[in-house]
Every structure is written in C-alpha cells, then in structure tokens.
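Me: I'm just starting out with protein structures, and I'd love a close look at a single part of this one. Could you walk me through one strand and what surrounds it?

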Amino acid sequence: MGTKITKAVIPAAGLGTRFLPATKALPKEMLPVVDKPAIQYVVEEAVKAGLDDILVVTGRNKHALANHFDRVTELEATLESKGDGNKLRMVNEATALAEMHYVRQGDPRGLGHAVLRARMHVGNQPFAVLLGDDLIDARDELLTRMIEVAETRTTTVVALLEVDPSVVHMYGVASIEETDEDDVVRITGLVEKPAAEDAPSNYAVIGRYVLQPEVFDVLEKTEPGKGNEIQLTDALETLAADTSIAGGVYGVVFRGRRYDTGDKLDYIKAIIQLASDREDLGGDLRPWLKEYAKGL
C-alpha cells in the first residue's frame, strides 16, 4: 500500500483565448457553469475524493480565483442582515471547501511546466492533478477510484476515456494492456495528439492524473515538445516505458458523465446538461428545451 494521497494541483494559468472577449479580464476558470464557476466544481471533486490540500497554479490577472475561495465579509454581513441564509450558505461553502494555496507559473510553458511549479508544495508525496476544462459529474466516481488504484499499486494513474477515432487528434492517446481489473489497464505508451491513422488506440487521456513524485525529476529533463511546450504526456511516456522509475503508469477507464468546458460549444452543452438535471431548474428547463427544439 502506497502513501496516502491528500494533495491536489489544479493548473489554471492559461490565457483562455478560445473564450475571448469574455476572458480578457475574467479567468476562464471563473466562467459560470449554471451558478458556480468551473473551478469550484473541480475543487469540490477533489475534496469529495479526500484531497483537502489544494494548490492552484495561476498566471497573470488571475486574482479572481483566490478571491472566490476567500471570505468577503461585507457580502456575508449583507446577506446575514437580509436574512438570506441560503445565499449566505452558498458563499460560505466556497470559502470553507479546502485549504487553498496558490503559486504563479510565470511563462506559460505547457502543462508539464505547470506541474513542475508544484514541486516545492507537494514535496516527496504522490498527488493528484485536475484540469479545469474537464468536469466530472458528482454522481460518478473517478478520482476516488484513481486514488485507490494509485495507493494500492504505488504507481502513476491517469484517467482514460474511449473516444471516437475521428477525435483522437485532440488528446493524448494510450497504448494499453489489460489487467485483472475490468476498469484498470496498464499503459505501455502515450502519444500526444496523434493523427487518426497513427493513434495506438482510441483510449484518450482526460484531465485527471494521480502522479508519483518521481514525475518531477522526469519533467526537469523533458525537452519541449508540441507547441514548444513541456508536455506532461511526454513525461508519462518516459514513466510508462521504464517501470523501475515509479512502478509504471496505469489507466482507469472512465465510463461515466464528463462535461468538456474547453470550447464554446461544449461549454454551452455542459451548462444545459447540468441545469437539466437540477431539481430547482430541470422541471422548467426540460419542457422549454423540447418546445424550442421543435422550432429548429
């Protein structure tokens, strides 16, 4: 049994150019998904999986991220004076979710570089990495299962999703071998955004990782790859190829509900899907959607 995992890293230093002009002044991680910013869903997921020490890797003009998880005493006092306990509860929930820490990435040199910025905070412990563009439905288990596999096998674990071969060029793609567990595979190789004809499978890496601390030494030696950035996928490829470094790399195959907020269309779909399932919104929204769709 490996070391108990308690720390999570959330890279949030990107410029959010796909959502301009909205992200000119507002971090993309703060864009609302129904009534909560996207990053709050990610933090809630980490906390639910038992990770209460969270480091957010930020960049320039990202002060709103820290402000969201901090207290706003004037707002709290106003809501309390109005007797608006429900809104006060929601505000306080964001403040009390976890022990939040922040570090600046500086130059945006890729996901691998962002993970490297967490080295001093994480130390010599395994840790989780959660990307804000992927929202995992709270009703489905993924991160908890990944942590279980990582602690049991003392290895690096990534989340895998079977995708249509036509979209493999958008992901890191894994070569896999089956194990004795239905939802766990051993990863023998990884390719970053391959052409469909070059992809080793249709198992795509999505934005959840549980990493052993040895990944930091590998990242330090990883040369810039696609986009002249330090790719986390390249470091994982090294770990997968040499099981003596940190026990290799395994994948947990996710078959639940995932919402991609990485581009405009998928972001809109995510809002509609989540709102449709809400008790307070779905009852009115679903009939309206059906009527609206009739006129298209």
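**A close look at strand 11**

Reply: Strand 9 (residues 172–178) pairs with strand 11 in the antiparallel sense, over two bridges. That is a good place to step in, and please keep in mind that this is a predicted model.

Let's begin with the strand itself. Strand 11 covers residues 203–211, and nine of its nine residues are buried, so the strand is largely enclosed by the rest of the structure. Here a residue counts as buried when its relative accessible area is under 20%.

Now for the partners. Going back to strand 9, its Val 173 has Ala 204 of strand 11 as bridge partner. Ala 204 turns up again with another strand: it is also the bridge partner of Leu 161. The pairing between strand 8 (residues 156–162) and strand 11 is antiparallel and runs over six bridges. Strand 6 (residues 127–130) pairs with strand 11 as well, in the antiparallel sense over four bridges. Look for Val 129 there, whose bridge partner in strand 11 is Tyr 209. As you trace these strands on screen, one general point helps: in a regular strand, side chains alternate between the two faces of the sheet.

Next, follow strand 9 away from strand 11. A hairpin of five residues joins strand 9 to strand 10. Strand 10 takes in residues 184–192, and its antiparallel pairing with strand 9 has seven bridges. One spot to find is Glu 178, which stands opposite Val 185 of strand 10. Strand 10 in turn runs antiparallel to strand 12 (residues 249–253), with four bridges joining them. Within that pairing, Arg 186 has Tyr 250 of strand 12 as its bridge partner.

Let's return to strand 6, the partner we met through Val 129, and turn to its aromatic rings. The model holds three aromatic pairs by the rule used here. One of them is formed by Phe 127 and Phe 216, which are stacked, with 5.2 Å from centre to centre and 0 degrees between the planes. Phe 127 belongs to strand 6 and Phe 216 to helix 8 (residues 215–221), so this pair ties together parts that are 89 residues apart in sequence. What about their surroundings? Phe 127 has 0% relative accessibility and so counts as buried. Phe 216 is buried too, at a relative accessible area of 1%.

For contrast, here is a pair within a single helix. The ring centres of Trp 288 and Tyr 292 are 5.2 Å apart and their planes meet at 10 degrees, so this pair is stacked. Both residues sit in helix 12, and because they are four residues apart, about one helical turn separates them. Tyr 292 is partly exposed, with a relative accessible area of 47%.

Helix 12 also brings us to a neighbour, helix 11. The cover over the buried residues of helix 11 includes helix 12 (282–294), along with strand 2 (32–33), helix 1 (38–48) and strand 13 (258–260). Those buried residues are Tyr 267, Ala 270, Leu 274, Ala 275 and Ser 276. At the start of helix 11, a side-chain oxygen of Asp 263 comes to within 3.2 Å of the backbone nitrogen of Leu 265.

To sum up the strand you asked about: strand 11 has antiparallel pairings with strand 6, strand 8 and strand 9, and nine of its nine residues are buried.

Conventions:
Residues numbered from 1 in each chain as written. Predicted model: local features only at pLDDT ≥ 70, side-chain atom pairs only at ≥ 80, totals over all residues. Heavy atoms only, no water. Buried < 20%, exposed > 50% of the residue type's maximum accessible area, 1.4 Å probe, protein only. Contact = heavy atoms within 4.5 Å. Polar contact = N/O pair within 3.5 Å; in protein donor to acceptor, adjacent residues only side chain to side chain. Pairing = 2+ DSSP bridges. Phe/Tyr/Trp six-rings, centres within 6.5 Å; stacked < 30°, edge-to-face > 60°.
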